[in-house]
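This report describes one protein chain from its coordinates. Please have the sequence and the model at hand while reading.

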Amino acid sequence: MKIESVPIEEVLKLTEFFPSFSYTKEFLKFQKKRYGLASDLLGVYDKGKLVCLLPVNYSSTAAYSVYKDYTEPFITGDEQKVDWPEVARAVKKKLGCDYFELNFGFTGAIRANFSEFKATALSFFVLRLGLGENQESFFKKFDKKTRNQIRKAEKYNFVFKTVGAESSAVFYDLYKENMGRHGTPAKPLSFFHDLFACYGEKCRLLLLWDQTELAGANLAVASGRYLRLFFSLSRVKYWQHCVNDLLYFKTIDWAYGRGVRTIDFGASSNQDKSHNHFKLGFGAEQWPILNYRQGSKWHYIKDFLRQKKYNLKIRLNKIKKGGSLRSLAKINKLRLSKDVKESINFDI
């Protein structure tokens, strides 16, 4: 087995219809601009034949399949068994680092070939669309409750618009309001500026307006036949009008019109039953995010501590907003050994 860099032009041809945006110039540019990580598109070769492609983000000490995200390896030709521990060793040697972490999400049965990986506490949700679809066929994929709530929202006369970076300020105001309500630290405005700067017209805001007030907003990146939903936000006062259901439906309809056939509603905790049920109501399939690590435990522990600091900040914010003493007790009962085994490097 051999690991070699593959020119971006060749990768773009091979992955033109592959449901992922992590093989694009824009994604690699964002990882560099936002996190300061170098990137490479690596090919796994067996007996001189390319069997797998994989994007990698890396520093001088650690490498990730993709940092703070998940991807899917592009398996060329027939489905093949890849020796991932050996791949990890070869990648570390090639990049000169002592830690490699992979977070994979698979949209098909191909994941059965990844026995070395462990399921994380996260899943992602994918809606796949075929040729010749329309609003009527979309509706047939949704469950009855979802269809009824969309019809209810349509009676409210929301106005749907798709815009770009020019509306980032009004979007950010809604974003901060949502994060504050959940007690979650808000990303800086520069995060969104970086998204628009790197993805250009592929990064879009899908907005629902009630006259001059922004009622709900989705932020998504559409690349070829694939769309990833990054953020979905709304004002509480419009929940009774099912604003979220209509926003998802409008996003699906808009994306299909642009040629998108795979809609990734993004990752969420397996424990978030309500949110996950909402996504499944749109005909999405739930897939686990799988993880494999190899190398220095220091990088693992460092990422774990960073994630725990982030989670603790959220818990404390919720307590300040009226959380119970029971929530505080949960913080005191955290067991490091157990949490290290179950943590994953996501705060997206």
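Which residues lie on the two faces of β9, and are they buried or exposed? On one side are C203, L205, L207 and W209, on the other R204, L206, L208 and D210, and all of them are buried. Buried means under 20% relative accessible area, exposed over 50%, and partly exposed in between, with a 1.4 Å probe and protein chains only. Because 8 of the 8 residues of β9 are buried, the strand is largely enclosed by the rest of the structure.

The model is predicted, so local features need pLDDT of at least 70 and side-chain atom pairs count only at pLDDT 80 or more, while totals for chains, interfaces and linings use all residues. Residues are numbered from 1 along each chain as its sequence is written, and side-chain values use heavy atoms, with hydrogens and water left out.

**Overall**

The chain has 348 residues, of which 52% are buried. It holds 12 helices and 13 strands; these are DSSP runs numbered from the N terminus, helices being H or I of at least four residues and strands E of at least two. The average pLDDT of the chain is 88, and 88% of the residues score at least 70; pLDDT is the predictor's confidence in each residue, from 0 to 100. Over residues 327–345 it stays under 50. Where pLDDT is low, the predicted coordinates should not be read in detail.

**Strand pairing**

Two strands are taken as paired if DSSP finds at least two bridges between them. β9 pairs antiparallel with strand β8 (residues 159–163) through 5 bridges, and K161 has L207 of β9 as its bridge partner. With β10, β9 shares 8 bridges, also antiparallel; here L205 is partnered by L219. β9 and β10 form a hairpin with 2 residues between them, and Q211 in the turn has a positive phi of about 55 degrees.

Elsewhere, strand β7 (residues 118–128) runs antiparallel to strand β13 (residues 285–295), joined by 6 bridges, with K118 opposite N291. β7 is also joined by 6 antiparallel bridges to strand β12 (residues 262–269), where A267 is the bridge partner of F124.

**Helix α7**

In helix α7 (residues 189–199), the buried residues are F191, F192, D194, L195, F196, C198 and Y199. Their cover includes β9, β10 and β11 as well as α2 and α6, counted by contact, meaning heavy atoms within 4.5 Å. G200 follows α7 and has a positive phi, near 60 degrees.

**Salt bridges**

A salt bridge is a side-chain nitrogen of Lys or Arg within 4 Å of a carboxyl oxygen of Asp or Glu. The whole structure contains 13 of them, including these:

| Pair | N to O distance |
|---|---|
| R293 and E101 | 3.5 Å |
| K141 and E133 | 3.3 Å |
| R181 and E177 | 3.5 Å |

R293 lies in strand β13 and E101 in strand β6 (residues 99–105), so this pair ties together parts that are 192 residues apart in sequence. R293 is partly exposed, at 21% relative accessible area, whereas E101 is buried, at 1%. K141 is partly exposed at 32%, and its partner E133 is buried at 15%. R181 and E177 both lie in helix α6, 4 residues apart, about one turn of the helix. In addition, D69, R228 and D264 are linked in a network of salt bridges.
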